[in-house]
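Open the model in your viewer and keep the sequence panel beside it. The stops below go from the whole chain down to single residues.

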Amino acid sequence: HATLHNHDEIERLGVRVGDSVVVEKAGDIIPKIIRVLDKLRTGEEKIIKEPKICPICKSEVSRKDVVDTSQEKSVALFCANKSCYAQQLRRIIHFVGKAGFDISGLGKKIVEHLVSVGLVETPADIFDLTKGDIEPLERFAEKSAENLILAIEEAKNITLARFINALGISHVGEETAIRLAEQFKNINNLLGADLQNLEKIEDIGPQVSASIMEYFKNEKSKKLIGDLIKNGVKIENV
C-alpha cells in the first residue's frame, strides 16, 4: 500500500497499472510513490482512468476542493449522492470508532452486519439496540450480545469535543472539534452558531466554517442529534 493522494497525483506521476515504481518512506507510516520507471514498461500497462460513477450506488462522481489539516488545497473525488449506502456505512463506522464514541466490540464488521440486516440506519439507532435484537444474529451468543449492549450503554456519556468529531462533519477533525467545544461550551450554542462566530476561531477559515454551518443547519443533522439525545446520549458541557 502506498499513498497517491488523488487522481491529479496519479496523472502527474504518469502511473499505470502494472508499472514498476520508486517508493520512499513518507512520514512515520505510509510510503509514497515518487517516480515511475517507464524504461521497464512492457507495453501491457494500463492507463488509470478517473472514475465517473460511484461503484456502490452508481451515482455521478464529482470533484470539489477539500482542505486538509495543513490548509493546502487538493482535488478529491466524491460520490454526489449523500444517501449513498457506502457513505452512510462509513459515517457510522467513524461514529463508533476511537475518535468518536469508542464503543468496545463494535468494529467495522459488526457495524456492516447490523446495517445489512436493517437494525441500524443512523448512528442514533445504535443506542436503541437491545440484547434481544443482537442475540439472534450470526456470531452472537447471549454473553457477547450482553457485553455489546453494556459497552453501548457505557458510551452514552461523551465529551462535547468527541461528540462533534463523531458526527463526521466535512473538514472537521479532532483538533477542530476541540476548538469548537472550547468556544461554544455546549451543543445548543453550536447549533445556533453563525459564520461570523465560527470564523473568529483560530485555524477555522471560510471553507471550514461554511461546512460546519451547512451541517448544523441541515434538518437531517438536527434530527440525528435530537434522536441521539432522546436515546440516552449525554453530552458533557465544557
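**Whole chain**

Of the contacts in the chain with a separation of 6 or more, 52% are between residues 24 or more positions apart. Keep in mind that this is a predicted model. Show the cartoon: the chain has 12 helices and eight strands. Along the principal axes, the C-alpha atoms fill a box of roughly 60 × 50 × 35 Å. Switch to a surface, and about 14,600 Å² is exposed, with carbon and sulfur atoms supplying 50% of that area. The chain has 238 residues, and 36% of them count as buried.

**Helix 6**

Select residues 142–154, which make up helix 6. The end C-alpha atoms of this helix are 18 Å apart, and this agrees with the span of 18 Å expected for 13 residues at 1.5 Å a residue. Which residues of helix 6 are buried? They are Ala 145, Leu 148, Ala 151 and Ile 152. These residues lie on the same side of helix 6, because they cover an arc of only 125° around the axis. Now add helix 3 (108–116), helix 4 (123–126) and helix 5 (131–134), against which the buried residues of helix 6 pack. Turn to the other side of helix 6 to find Lys 143 and Glu 154, which are exposed.

**Aromatic pairs**

Next, show the rings. The count comes to five aromatic pairs. One of them joins Phe 95 and Phe 101: the ring centres are 4.5 Å apart and the planes are at 20°, so the pair is stacked. Phe 95 and Phe 101 are both buried. Another pair, Tyr 215 with Phe 216, is edge-to-face, at 5.2 Å centre to centre and with 85° between the planes. Tyr 215 and Phe 216 are buried as well. To see a cluster linked by ring pairs, select Phe 95, Phe 101, Phe 127 and Phe 163 together.

**From Phe 127 to helix 12**

Keep Phe 127 selected and add Asp 227, which is in helix 12 (residues 219–230). The two residues are 100 residues apart in sequence, yet their C-alpha atoms are 9.3 Å apart in space. Is Asp 227 buried or exposed? With a relative accessible area of 18%, Asp 227 is buried, because the cut-off for buried is under 20%.

**Ser 211**

Move to helix 11 (residues 206–217) and pick Ser 211. Its relative accessibility is 10%, so Ser 211 counts as buried. Leaving out residues up to four places away in sequence, Ser 211 touches Ile 169, Ser 170 and His 171.

**Cysteines**

Finish with the cysteine sulfurs. How many disulfides are there? The count comes to zero. Cys 79 is in no disulfide, and its nearest cysteine sulfur is that of Cys 57, 3.5 Å away. For Cys 84 the closest cysteine sulfur is also in Cys 57, at 3.7 Å, which is too far for a bond. The cut-off that decides this is 2.5 Å between the sulfur atoms. Cys 79 has a relative accessible area of 17% and is buried. Cys 84 is buried too, with a relative accessible area of 2%.

Key: Residues are numbered from 1 along each chain as its sequence is written. This is a predicted model: local features need pLDDT of at least 70, side-chain atom pairs count only at pLDDT 80 or more; totals for chains, interfaces and linings use all residues. Side-chain values use heavy atoms; hydrogens and water are left out. Helices (H or I, at least four residues) and strands (E, at least two) are DSSP runs, numbered from the N terminus. Buried means under 20% relative accessible area, exposed over 50%, partly exposed in between (1.4 Å probe, protein chains only). Contact means heavy atoms within 4.5 Å. The expected span of a helix is 1.5 Å times one less than its number of residues. The arc is that of the directions from the helix axis to the C-beta atoms. Rings of Phe, Tyr and Trp (its six-membered ring) pair if their centres lie within 6.5 Å; planes under 30 degrees apart count as stacked, over 60 as edge-to-face and the rest as tilted. Accessible areas come from the Shrake-Rupley method with a 1.4 Å probe; for residues, only the protein chains shown count as cover.
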